[in-house]
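Thank you all for coming. I would like to walk through one model this morning, beginning with its pocket and ending with its sheet and an aromatic pair.

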Amino acid sequence: MADLVRLTYASMATGSSAGVQGDLIDILHQARHFNTKRHIHGVLFYDNNYFFQCLEGERQQVFKLYHKISKDSRHTNIVQLTCEPIDAPAFSRWQMKYILEDSRIRHFFTNHYGQKFNPYLLSDESGIALNHEFIQLLLTGQEAPIADTTAHFTRPVPTSARYGPIYSSGFFTLFVVIPIIVICLMIYLS
């Protein structure tokens, strides 16, 4: 019988929100590819510049992966929250599930800790018990396709960027500026 474990950890993103966008896409692609070959399952949640990740699988494989993750420069202050034996992976449907913002998670941290998402709070004695409740929220949370990861970070496009192509294409000059000039000339000359 396999020695299965669930390991959870918290970390902080080292980059800006815009940098984390690309990192998340890379992490998810790498995790899904890597984990498939090693029968590792889990979930990743990012919010408020913090990562929470749960890894499930054979003990040796999970610890090899955790050791690899702990050397990754895309995050810092990596703290193992829990490691416990399991009978079967709860996240067996996913090599790495990704959850975007979730109001239930926001309420969970507000109700239990009076603040925004901070997975480090799940490391103390009361947090370890709440870690199981948090895992259930992630298990039932809506998975975000990788394409949606970019939408999580998008900022409004500046007006100049949105309309710049119209102004520089000749369209604006031909169909807006010239008719206005013609109308003004007609009014002036009449």
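When I speak of helices and strands, I mean DSSP runs numbered from the N terminus, with H or I over at least four residues for a helix and E over at least two for a strand. This is a predicted model, in which local features need pLDDT of at least 70 and side-chain atom pairs count only at pLDDT 80 or more, while totals for chains, interfaces and linings use all residues. Residues are numbered from 1 along each chain as its sequence is written, and side-chain values use heavy atoms, with hydrogens and water left out.

Let me start with the pocket. A pocket here is an open set of points on a 1 Å grid over the protein atoms alone, where a 1.4 Å probe fits, with protein on both sides within 12 Å along at least five of seven lines, and a lining residue has an atom within 4 Å of a point. Helix 1 (17–38), strand 3 (50–58) and helix 2 (59–70) each supply at least two residues of the largest pocket's lining, and helix 1 gives the most, with 5 residues.

Now to the sheet, where two strands pair if DSSP finds at least two bridges between them. Five strands form an open sheet of mixed pairing, in the order 4-1-3-2-5, and its edge strands, strand 4 (75–85) and strand 5 (97–99), each pair on one side only. Strand 2 (residues 41–47) runs parallel to strand 5 over 3 bridges, and Phe45 stands opposite Ile99 in strand 5.

Finally, the aromatic rings: those of Phe, Tyr and Trp (its six-membered ring) pair if their centres lie within 6.5 Å, and planes under 30 degrees apart count as stacked, over 60 as edge-to-face and the rest as tilted. The structure holds 14 such pairs, among them Phe45 with Phe117, which is edge-to-face at 4.8 Å centre to centre and 85° between the planes. Because Phe45 lies in strand 2 and Phe117 in the loop between helix 3 (103–113) and helix 4 (125–140), this pair ties together parts that are 72 residues apart in sequence.
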